[in-house]
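Below is a set of numbered remarks for a colleague who has the model open. Please read them against the coordinates.

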Amino acid sequence: MTVCTRCGRESPDDFGFCPACGAPLAAPATREVRKVVTVLFCDLTGSTAIGERTDPEALRGLMNRYYDAARVVLERHGGTVEKFVGDAVMAVFGIPVATEDDALRAVRSAVELREVVHGLGLEARIGVNTGEVVAGEGDTLVTGDAVNVAARLEQAASPGEILLGEDTLQLVRDAVRIEPLELELKGKSSAVAASRLLVLDRTADGVARDLRRQLIGRERERGRLRAEFDQVVERRACRIFTLIGPAGVGKSRLVHDFLDRVDGMATVARGRALSYGEGITYWPLVEILIQLGVEPTDVIRSSPADTQLTTRALFERLAEERPLVIVLDDLHWAEPPFLDLVEHVVDWSRERAIFLLCVARPELLDVRPGWGGGKLNATSELLDPLPVDDAEALATSLLEDVDVEPATRARILATAEGNPLFIEEMALLARDADGNVEVPPTILALLQARLDTLGERERAVVDRGSVEGEVFHRGAVTALAGEPGHDDVPANLLSLVRKEVVRPHRTQIPGDDAFRFRHLLIRDAAYDSLPKASRAELHERFADWLEAHGDLYEQEEIVGYHLEQAARFRAELDVDDPRAAELAARAGAHLGSAARAAFEREDLYATRSLVERAIALVPDRRKRQQLFPLLLHSLAESGDPSLGPRLEELAHGDEADRAVATVFRVVSGPNMAEAESEHRRLDAAFRVLDEAGDQLGLVFCEMARAFLFWGACQSGSAHAAYRRAYERARQGGKDALVRGLAALLLITAWMTHATMDELEALIGDLEHDLEGDAGPLLDAILSGWRARAGYAAGAIDAQTARRVIDDEAELFEQAGMLVQASTARMFVRVAIPLAESDAAARERGLRDAATEIAPWEHLYGANFLGDWAVSLCEVGNAGQARAVFERARALLSEGDVGDEILLLSVEALLHAHEGAPEAARARLEEAFEAAVGIDLFVSTMELAHVGATVHRLLGDDARARELLAGLVAVLEERGMHRFADRFRRDLAALGH
C-alpha cells in the first residue's frame, strides 16, 4: 500500500494518483525496515476429522466461508492478512502503518475471530505476539523471532484458546483478565512466559494512563458525587450534577474516579463541546449518540424542540434497562440550544435513573447565570484548588522516584497554589530532566517548557494535532506533516502517549485513530506557539484533509471554520494576499451551506451565527443576497432587536436587497392600517425576487401576504397564500418551512369555511407529503387537529379528544412553547365546554388561559380576555366581566379587525346586562358592520352567538332565532354537527 503524502490516504500500489485528493503518489518504498508489530496466528482444530465426514463440495464451501469471515474480521480491526496456509491464517498489525494500539486491535480481532469460527461450527486456537520484525516487500511481509513465537503460541493453545505473548500482554494489560503460563516452545532454550486470555473488556484502553493514578484528596467531592448517583438509582429519578472549576484544578480526574466507581453499574456515554463551536450546536450530542450506537440523524430532528423530545425519549428508553450516566465536558463552550436541551432532559424526565454529569469552567455561569438554579434535582459543586496537605501528598506521590531538591519541591508547591495539573506537569518535566529544573512562574509557561523537551518530530506531531483541536486524528497529522517525516507519525504518537502528552481517544472518522491532548491547556500552548503563517497553512491543509476523509454530522461547519481561520491569518499577515481572498470565499461557501442545514433543523442561533460569518466572507453579492432571508428569518423568529438595523441596511442596497427588506418588514410586523399599500409593496418585491430566482425569498413573500390577509380576517386568502408558500417550499426542498407551513395550513383551514371532511383530507395530504418525517411535535399537531375535526363532526367523544389534545399541549409545554400549549388547550377548555353547554367549565378554562398568557398579554390578551368576559356574563358575573373587558380594550392593537369585532360585541353584551339597550344595539351594529366581508370562522361564530344573546336580553327573540338558525346552518354545512347541536338547543330554548 502507498500512503499519500498530502492527505494520508492509503492506496493500492498500482495507483499513480491518490483516489481521495488526486495528488501524485510516490512509488512504494522497497527498502526493508525494522518495526514493532503484533502478529496473529489462527488455526482450525479438528479439521482433518471434519474432512473425513464431510462431502468435498460442502467442505470447500465451509472453508471459503471461514476464509472470508477471517479476512473481514482481521481487516476490520486494521490487520494485514499475510497468508492462508491450509486452514491456518497469519495476520500482522502495524503494517504498513503502526499505531499505539496494534496489540489491542489484534487481541480484539482474536476474540471476534474465535466467535465467528465457533458460529461456523468449528473451533480455533490462536496465538498473538508482539515484537520487532523486519518488514519489506515480496512474498514474506515480515520476518523475525516475534513471528516464530506467535506461531508456537498458536500451536500450544488448546481448541478455543487464545494465548498471548508477554510483550502483547504489557500493551493490553488493562483491558484483559488472564491466566499466566510458562510454556516450553519448540526452538526456545528456556521456558517462555505467556498468558491464557480469559476475558477481554472491549471498551477499555490497553494501557490505562494518567487518570488512573490514585486520586489524592477530594474526599468530600467524591462522596457527594457518589451520593447523588446513588439517589438517582434508588429513586429512579433524573438529576444533574455540575462540576465547576478553573482549568487544571482536577475536574477530569474526579470524573474519571466517579466513572470507575459506577463501572458496570450504568450505561455511560460522554460528549464534549468544542472550543471553536460557534454554530456547531449538536457536536456533544453526536458524540454521545455514536457511543450509544444510535444514528445521529434519528435523534437530531427538524427543530430544537423535536430534538429535545427525541433525545429525552431515547435517554428514558435506555434508562429503563439500567441507570444512564451522561458526561458533558467543557459545557461552558456549548451553544444555547444545547444547554436548553440539557435543561429539558432535567426538567421533564420522569421515573428514569438518568444522571447528567456536567463539567465546566466558571464561564458557564457568565453564559447561564441561573444554571441549575431553582431545580430540586440539580446540584453544583465548585472545585477549589487542593488544600496544602493534599497538594503535598500529590507531589510526594509523583516525585517519589525523582531526585528533586527540597527548595525546588517547595517552589513547585508554592507556584502551583494547589493546582493539580501544575504539580503533575512539573513532575513530568522534572523526571525528564532528572530533577534539575527551573520552576516556571505559570501553568502556561510550564506547559511550554514541557513541550520544549520533546523531540523535533514529536513536537511537529503535537503542533499539527493542535490545529485540529483537543482531539485529533492520526490521518490528519500524517497529511499535515508532509514529506519528509510522515512515516514517523505513528511512532511519534506512541512516544507522546508514553510521555503522557496525548492519550488514545475514540475516533469520529472510521478507519482512523484519534488522540486527545492530556489537557486542553497543552493543546492551547502548542497552538499558541505556532506562527500565523504556519497556522494559516495548517488550517487550510486540515480543511482539505477533512473534506477528503471526514463524514461528520457538522462537517461543513468545521471545514468552514478552519478555512475561515486560514483566511484570517493570511489577511492579518498581508491584507492583499490573493490566497486569503480565495480561502475566504471557500470558507463562506461552507459556512453558508452549514447555515442552510441549521435553518432546516430550525436552529435559529446557529443559523444566525453561521450566516453572519458567511456574509462577511462571501465576495459574490448574488450569493450573499441568497443568505439574507436565512438571517432575517432567524432574527425575526427570535425577536432579535438587530432585525431593524439589518432591514435599514438592506433598504439602502440594490433592488433585490430592498425587496427582501420589504418582505421581512411585513413578516416581522405587518402594518394593518396600511394593508393595501403593504400588498402593493409585496407585489413589487415578488416580481424582483422572481426575476432574481430567489425561491426562498418568494416563499417568505407569500408568507408575508398571508400575514396581511390574516390580520384582515381573510382566512381563506391567508390559507391560499400559505398553500402557495407551502408548495414553493416543498419544490425547493425547504423542509423546515414545509413543517411550519403545514401547521399554518391547518389553522387557516379550520378558520375558513372548510368542511371537516376537507380538513381530514388536508391532514392526510400533509402526512403523505411529510412521509413520516414530521417530527414528534408536528405529529402531535396533526393528531390534535384530527381529534378536533373528529369531535366537531361527532366521530369521537369528548374524552378521546381531550386526551389527544392534552398530549399535544403537553409536548408544546415540554418544548418550552407555552403560548402554543395554552392555545392548543383552548379547544379542550373552551370549545368542548361550548359544545357541551357547560358555561361554568368554559369560564374556568378561559380564566386559566388568561392567567397563562399573562407574560404575552400585549400580543394575545385582547382576544383571550374578550372571550373570558363573554363567559363571565354567561355564568352571571357581569360585574367582573366589565373589569376584564376594560383590560382587553387597553390591549387592542390598531388594525386588528378580529379583536375589534370581538370587543364591540362584548361591549354590546355588557350594555345589555347593565340595562343600556340603545348602547347595546349601537355597539352590536358596529360589530356586524365591521364583520362585513371578513372570512374568519371563529369571529363570525362568536359574533352570531353573542349577538343572539344580546338580542334575547333586549327582548328581540326573533332576531336571536334568526342569528342562531343561520349559525346552525353554517355549522351543519361544515360538518361540525356537535356545535350545530349546541346552538340548535339554544334555538329550541327560545321557542317558535
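1. Helix α17, residues 474-481, lies across β16 and β18 and runs at about 65 degrees to β16. This is a predicted model, and the points that follow should be read with that in mind.

2. The strands under α17 belong to an open sheet of three strands, ordered β16-β18-β17, with antiparallel pairing. Its edge strands are β16 (471-473) and β17 (502-505), each of which pairs on one side only. From one strand to the next the twist averages 35 degrees. Between β16 and β18 (residues 514-517), which run antiparallel, there are three bridges. Within this pairing, H473 has A514 of β18 as its bridge partner.

3. An open sheet of five strands shows parallel pairing, in the order β12-β13-β14-β11-β15. Here the edge strands are β12 (267-272) and β15 (378-382), and each pairs on one side only. Direction ignored, neighbouring strands of this sheet are turned by 15 degrees against each other on average. The parallel strands β12 and β13 (residues 324-329) are joined by six bridges, and A269 stands opposite I326 in β13. Helix α9 packs on the sheet and touches β13 and β14 (354-360); the direction of α9 makes about 135 degrees with that of β13.

4. What precedes α9 (304-321)? S303 is placed in the loop between α8 (283-291) and α9. S303 counts as buried because its relative accessibility is 7%, below the 20% limit. Leaving aside neighbours within four places in sequence, S303 is in contact with R601 and E602.

5. Within α9, R312 and E316 form a side-chain salt bridge, at 3.4 Å from N to O. The two residues are four apart in helix α9, so about one helical turn separates them. Both R312 and E316 are buried.

6. A salt bridge also joins E343 and K375, with the closest N and O atoms 3.5 Å apart. This pair links distant parts of the chain: E343 is in helix α10 (residues 336-348), K375 is in the loop between α11 (364-367) and β15, and their positions lie 32 residues apart in numbering terms. E343 and K375 are both buried.

7. The count of salt bridges comes to 81. One of them joins D524 to R523, with closest N and O atoms 3.1 Å apart. R523 counts as buried because its relative accessibility is 11%. Elsewhere, a network of salt bridges links R882, E886, R889, E907, E914, R923 and E926.

8. How many residues does the largest nonpolar core have? The number is 172, and the residues with the most contacts inside this core are V663, L759 and F979. Not counting residues up to four places away in sequence, L759 touches L746, A749, W750, W785 and A789. A second, separate core has 35 residues, including L285, I326, C358 and W371. I326 is also the residue that A269 stands opposite in β13.

9. On cysteines, the structure holds zero disulfides. A disulfide is a covalent bond between the sulfur atoms of two cysteines. C42 is buried, because its relative accessible area is 0%. C713 also counts as buried, at 2% relative accessibility.

10. Two backbone angles deserve a look. R218 has a positive phi of about 60 degrees although it is not a glycine. The residue is found in the loop between β10 (192-200) and α6 (219-235). With a relative accessible area of 7%, R218 is buried.

11. The second case is S837, a residue other than glycine whose phi is positive, near 60 degrees. S837 is placed in the loop between α34 (818-835) and α35 (839-852). Buried or partly exposed: which applies to S837? S837 is partly exposed, because its relative accessible area is 37%, a value that falls between the 20% and 50% limits.

Methods
Residues are numbered from 1 along each chain as its sequence is written. This is a predicted model: local features need pLDDT of at least 70, side-chain atom pairs count only at pLDDT 80 or more; totals for chains, interfaces and linings use all residues. Side-chain values use heavy atoms; hydrogens and water are left out. Buried means under 20% relative accessible area, exposed over 50%, partly exposed in between (1.4 Å probe, protein chains only). Contact means heavy atoms within 4.5 Å. A disulfide is a pair of cysteine sulfur atoms within 2.5 Å. Two strands pair if DSSP finds at least two bridges between them. Axes are lines fitted to C-alpha atoms, for helices over the stretch in contact, and angles run from 0 to 180 degrees between N-to-C directions. A salt bridge is a side-chain nitrogen of Lys or Arg within 4 Å of a carboxyl oxygen of Asp or Glu. A nonpolar core is a set of buried Ala, Val, Leu, Ile, Met, Phe, Trp, Tyr and Cys residues joined through side-chain atoms within 4.5 Å.
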